[in-house]
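Dear colleague,

I am passing on the structure we spoke about, with the sequence alongside it. My notes on what was found follow below.

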Amino acid sequence: MDEKDKRAIYLLGQKKNAESEEIRLTKQLFFDTKLNNPGERVHCVDMIKKAVYPGSFDPITNGHVDIIHRGLEIFDQILIAVLENPKKRSLFSTKERVTMIQEIFAENENIEVKSFHGLLVDFANTNESKMIIRGMRAISDFEYEFQMALMNRKLDPDIETLFMMPSLNYSFLSSRLVKEVSMLGGCLEGLVPGEVGDKLRDKYKTAPKTNST
Ligand code: PNS
């Protein structure tokens, strides 16, 4: 990669601060460079290195964790954005949800966790990301996700949404169902990370159960 290419990639990262003509030329240069260097992946990776993975995460499930691991195969960094919504009654406070996720990924320096309020596209821009990841479990998720992705695109055409499918093992899993199972004393094995299971049992004052008990 020569100095010109490096500058092109640098400017793409700094796009918000650059002049529009410069952006256009830089984009052109970027794609020309890619065309002339088939198989060279570095440019693309540089451009999309950080993705935001937003959600309520009340609580995080193994389905979310699966999507995060898959996301790390594509992106250098994933910023998990926990929705802070005073109007929505959640079982866990924003701080509890953030802390639980931080604990789960404590060993992984490519994962960051923050809470956010307001528009997701604003949060993504403030955190210098142009990519949103959303999990898509089944067709039933599609309509809501489609509307949200297009609304986000309307709000900021530079931000893309990438849908990822979790493993089939988790396609039935949701935070809502996990809470219900926990409240009724069901087994949480394989549904949520261990520390989340403990916190759920604390909340509902239920005893640990395995599938055989
Ligand atoms: O886990 P969830 O509850 O399906 O996540 C929904 C979330 C947090 C992605 C969505 O509610 C959101 O992005 N809220 C921020 C508000 C916003 O940007 N609204 C306009 C675009 S739809």
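The protein chain exposes about 12,900 Å², of which carbon and sulfur atoms supply 53%; please keep in mind that this is a predicted model. Of the 213 residues in the chain, 40% count as buried. Among contacts with a separation of 6 or more, 71% are made by residues that stand 24 or more positions apart in the chain.

As for the secondary structure, the chain holds nine helices and five strands, and read from the N terminus the elements follow the order α-α-α-β-α-β-α-β-α-β-α-β-α-α.

On the surface, Ile139, Phe142, Phe146 and Leu150 together make a nonpolar patch of about 420 Å². Phe146 belongs to helix α7, which spans residues 139-155, and this residue counts as partly exposed because its relative accessibility is 42%, a value that lies between the 20% limit for buried and the 50% limit for exposed.

Helix α8, which covers residues 175-183, has Ser175, Val178, Lys179 and Ser182 as its buried residues. When the helix is viewed down its axis, these buried residues fall within an arc of 100°, and they therefore line one face of α8. The cover over the buried residues of α8 includes α4 (62-72) and α9 (194-204). After α8 comes Gly185, which has a positive phi, near 80°.

With best regards

Methods: Residues are numbered from 1 along each chain as its sequence is written. This is a predicted model: local features need pLDDT of at least 70, side-chain atom pairs count only at pLDDT 80 or more; totals for chains, interfaces and linings use all residues. Side-chain values use heavy atoms; hydrogens and water are left out. Patches are made of residues with over 30% relative accessible area and no salt bridge: like charges are joined within 9 Å, nonpolar side chains (Val, Leu, Ile, Met, Phe, Trp, Tyr) within 5 Å. Accessible areas come from the Shrake-Rupley method with a 1.4 Å probe; for residues, only the protein chains shown count as cover. A salt bridge is a side-chain nitrogen of Lys or Arg within 4 Å of a carboxyl oxygen of Asp or Glu. Helices (H or I, at least four residues) and strands (E, at least two) are DSSP runs, numbered from the N terminus. Buried means under 20% relative accessible area, exposed over 50%, partly exposed in between (1.4 Å probe, protein chains only). The arc is that of the directions from the helix axis to the C-beta atoms. Contact means heavy atoms within 4.5 Å.
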